[in-house]
Amino acid sequence: MFQYIAERWDQIWFSSWQHFSLVVQCVVLATVIAVVLAALVYRIPGLRSAANEVSTIGLTLPSFAVIGLLLVPLGFGVVPSVVTVTFFAALPILRNAVVGLNEIPPAVVESARGIGMSRFRTLVQVELPMAWPIILTGVRVSAQMVMGVAAVAAYALGPGLGSFIFSGLSRLGGANSLNSVVVGTVGVVLLALVLDLLLLGLGRLTTSRGIRVQH
């Protein structure tokens, strides 16, 4: 194992960086999309329920199936990987964003409007900061989940450590096949832990002390 890692260290490091970069960029994109959608629907009961249903149903879809469907219109490579990872990343964030915004006390919103704040300004300066801890919890769940989805995306020749896993599985029983699978799997787990620690630190930096105490 040590010899396998030493001989392929540059490739492992590069694939790890690709995997981490893919997940981070897709989670950021998914957060923007999910928060915008949540802001549009959370005050309307019917749309709020629809958003929650979409999140629930979407999470039951196998990532292999989604990637397989995207191969026809998008082909192989980075594009179907990005679309798949972003899709799955947005689902937990959307659900948490809707819950977080919906749980803000109406009196707080009314007070902000009463001092002359516009609807948009109230959303940006009052509601989103108060809902941020719940949204960030969704982001953390999403990041852990799609770290594995990004590995599956290697099926579509996407970047990342999934290539080690699929390469080893395709020649199981051959030379270094088990080493390849272990490197890919352990690498994904380690990256997930690193990203979760970074998000935990981000939460402490971006959440005011008063809101942290409340949560």
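These legends go with an overview and several close-up views of a predicted model.

**View 1. The whole chain, an all-helix layout with 10 helices and 0 strands.** The model is predicted, so to speak, with a floor on confidence: local features need pLDDT of at least 70, side-chain atom pairs count only at pLDDT 80 or more, and totals for chains, interfaces and linings use all residues. Numbering starts from 1 along each chain as its sequence is written, and side-chain values use heavy atoms, with hydrogens and water left out. Helices here are DSSP runs of H or I with at least four residues, strands are E runs of at least two, and both are numbered from the N terminus. Along its principal axes the C-alpha trace spans about 70 × 40 × 20 Å. Of the 215 residues, 44% count as buried, where buried means under 20% relative accessible area, exposed over 50%, and partly exposed in between (1.4 Å probe, protein chains only). The chain exposes about 11500 Å², with carbon and sulfur atoms supplying 70% of that; areas come from the Shrake-Rupley method with a 1.4 Å probe, and for residues only the protein chains shown count as cover. Take the contacts with a separation of 6 or more: residues 24 or more positions apart account for 77% of them, a contact being heavy atoms within 4.5 Å.

**View 2. Helix α3, residues 45–60, and its buried face.** From first C-alpha to last, the 16 residues of α3 reach 23 Å, close to the 22 Å expected at 1.5 Å a residue; the expected span is 1.5 Å times one less than the number of residues. Arg48, Ala51, Ser55 and Gly58 are the ones to look for on the inside, since they are buried. Seen down the axis of α3, these buried residues fall within an arc of 100°, so they line one face of the helix. The arc is taken from the directions running from the helix axis to the C-beta atoms. An α-helix has 3.6 residues a turn, so residues three or four places apart point the same way. The buried residues of α3 pack against α2 (9–41) and α5 (78–102). Turned away from that side are the exposed residues Pro45, Gly46, Ile57 and Thr60.

**View 3. Helix α4, residues 63–74, and the glycine that follows.** This helix has 12 residues and reaches 16 Å between its first and last C-alpha, close to the 16 Å expected at 1.5 Å a residue. Ser63, Val66, Ile67, Leu70 and Leu71 are buried in α4. They cover an arc of only 145° around the axis, which puts them on the same side of α4. The cover over these buried residues includes α5 and α7. Flip to the other side of α4 and you find Leu69 and Val72 exposed. After α4 comes Gly75, with a positive phi near 75°.

**View 4. Arg43 and Glu127, a salt bridge between distant parts of the chain.** A salt bridge here is a side-chain nitrogen of Lys or Arg within 4 Å of a carboxyl oxygen of Asp or Glu, and the structure holds 4 of them. The side chains of Arg43 and Glu127 meet at 3.6 Å, N to O. Arg43 sits in the loop between α2 and α3 and Glu127 in helix α7 (residues 119–152), 84 residues apart. Arg43 is partly exposed at 48% relative accessible area, while Glu127 is buried at 1%.

**View 5. Two further salt bridges, Arg140 with Asp196 and Glu7 with Arg8.** Arg140 and Asp196 come together at 2.9 Å, N to O. That pair ties helix α7, home of Arg140, to helix α9, home of Asp196, across 56 residues. Arg140 is partly exposed, at 27% relative accessible area. Back at Glu7 and Arg8, the closest N and O atoms are 3.3 Å apart. Glu7 is exposed at 53%, and Arg8 is partly exposed at 26%.

**View 6. A nonpolar patch on the surface.** Met1, Leu178, Val182, Val186, Val189, Leu190 and Leu193 make up this patch, with about 610 Å² of accessible area together. Patches take residues with over 30% relative accessible area and no salt bridge, joining like charges within 9 Å and nonpolar side chains (Val, Leu, Ile, Met, Phe, Trp, Tyr) within 5 Å. Val182 is found in helix α9 (residues 177–206), and Val182 is partly exposed, at 31% relative accessible area.
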